[in-house]
Amino acid sequence: MLSRVFRRKSETIMFLAGACILASVVIIMFHGDFLFWKFAKFFYGIGVLLIIFDR
Amino acid sequence: MQWFELISFMRQAGLAIAGAACLWGTVFGIMSYRNKANMTGSIIYQWLARRLMWLLYTGAIISVVGFVILLLLFPASAHEGITLVPEIAEITRALYATAPVYIAWLLLLVWGFSSLRFRTHLTYKGWSWFYLLNFFLIAVLISFYVDIEGGPLQHVIFYAFHGFHSIFTLGTVIVLDFIFLSSKSSQILQQHIIPLFPKISKIIWIGLALDSLSVLLIFPEAVILSPRFFFAQTVVGILIMNGILLSGVLTRRMIRTLNKGEEPLSGRWLLFADIAGSISITSWMSITFIDFFDGITFSYPQLLGIYVVAIAMVYTGHAVWEKFDTTSPIPHVMVIEPRT
């Protein structure tokens, strides 16, 4: 199912990055911890690099 | 919430729309020139470049009116929920410093509008140069909105990226939406325009990356855990997930339909496309808007409620546009000068 929606690795990584940012909002709200948020931003950076070099 | 925050947002949004119209006007002009062998493609790209003139002048009017009001009175600013809040004096200095650039830009716009050559049979080369010149001036105006004399270099870079990325993000999303709506009435337009969407999306992703990079320069000193921050981060998460579905699976499905002559998109796909487009445009507008309101007092649920209502309004606006848009999909007369 997922492979039908996301044909490229970059799409999967970007979608996960978006989901991680949403999850990090809850974590920051209740624990004030930015680690997951930084992880999401890192994921986003990798996703953008992959998208730039996608054909 | 103060009135000058609204005017600052107006100026930024106007510059972003005008800047993106110029960026893509230049690109379509070049594509028209490079596709001369394919007459239909060349004409369509030139038509697109010409059509973006509407967005350039609309954005210009909004931003110039905002600039004049700010110059006469005064401002404040911000983004992504994480930002430095500049001093009024820093913004006022930047307003005065950029006044000559605004005058040069206005002269260029007036010349473009009044020139018969521009209005009737401008060539692909001419469009590109006109847009390119406009783009450089707008890039200066949107990047240099705060003058921190002798301030740290990372703050200077932060403000420059923070301002400039709106051309790649908010402005480009509006251009994308505009050309998508313009192409809905014609299959031949869609065949040339929809395959460009993944490439245009790359620029939007790069724009968001520029903003994220700029945020890293001021992290954690500028983080304030307010409803504004949580709302902006929520919207960023939504727009990334929505954007990847829009530029991925949805665009692929549309291209397949157009290329292979498969059955047209079902009502469910069309609904998905309209909702995703509305979420995209509302999200970019929201995070740009909210960052201009430093003292916003709404709670997180209230902000989310307003965001959902705004998506519904944009969706309704799309539906109204489609119902009443009577634009001729292909220009009746298009002059393409032979290569000399």
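**View 1. The exposed surface of chain B in this predicted model.** Chain B exposes about 14800 Å² (Shrake-Rupley method, 1.4 Å probe), and carbon and sulfur atoms supply 70% of that area. Of its 340 residues, 56% count as buried, meaning under 20% relative accessible area with a 1.4 Å probe, protein chains only. Chain B has 11 helices and zero strands, taken as DSSP runs (H or I, at least four residues, for helices; E, at least two, for strands).

**View 2. Where chain B meets chain A.** The contact (heavy atoms within 4.5 Å) takes 27 residues from chain B and 23 residues from chain A. About 2300 Å² is buried between the two chains, 78% of it from carbon and sulfur atoms; this is the accessible area (1.4 Å probe) lost on putting the parts together, summed over both. B:Met241, B:Ile244 and B:Arg252 supply 24% of what chain B buries here, more than any other three residues.

**View 3. The salt bridge between B:Arg252 and A:Glu11.** The two side chains meet at 2.8 Å, N to O; the cut-off is a side-chain nitrogen of Lys or Arg within 4 Å of a carboxyl oxygen of Asp or Glu. The count between these chains is one salt bridge.

**View 4. The helices of chain B that face chain A.** Helix H8 (197-218) and helix H9 (227-260) each supply at least two residues to the side of chain B that touches chain A. H9(B) gives the most, with 14 residues.

Residues are numbered from 1 along each chain as its sequence is written, with chains lettered from A in the order written. Local features need pLDDT of at least 70 and side-chain atom pairs pLDDT 80 or more, while totals for chains and interfaces use all residues; side-chain values use heavy atoms, without hydrogens and water.

Key
Buried means under 20% relative accessible area, exposed over 50%, partly exposed in between (1.4 Å probe, protein chains only).
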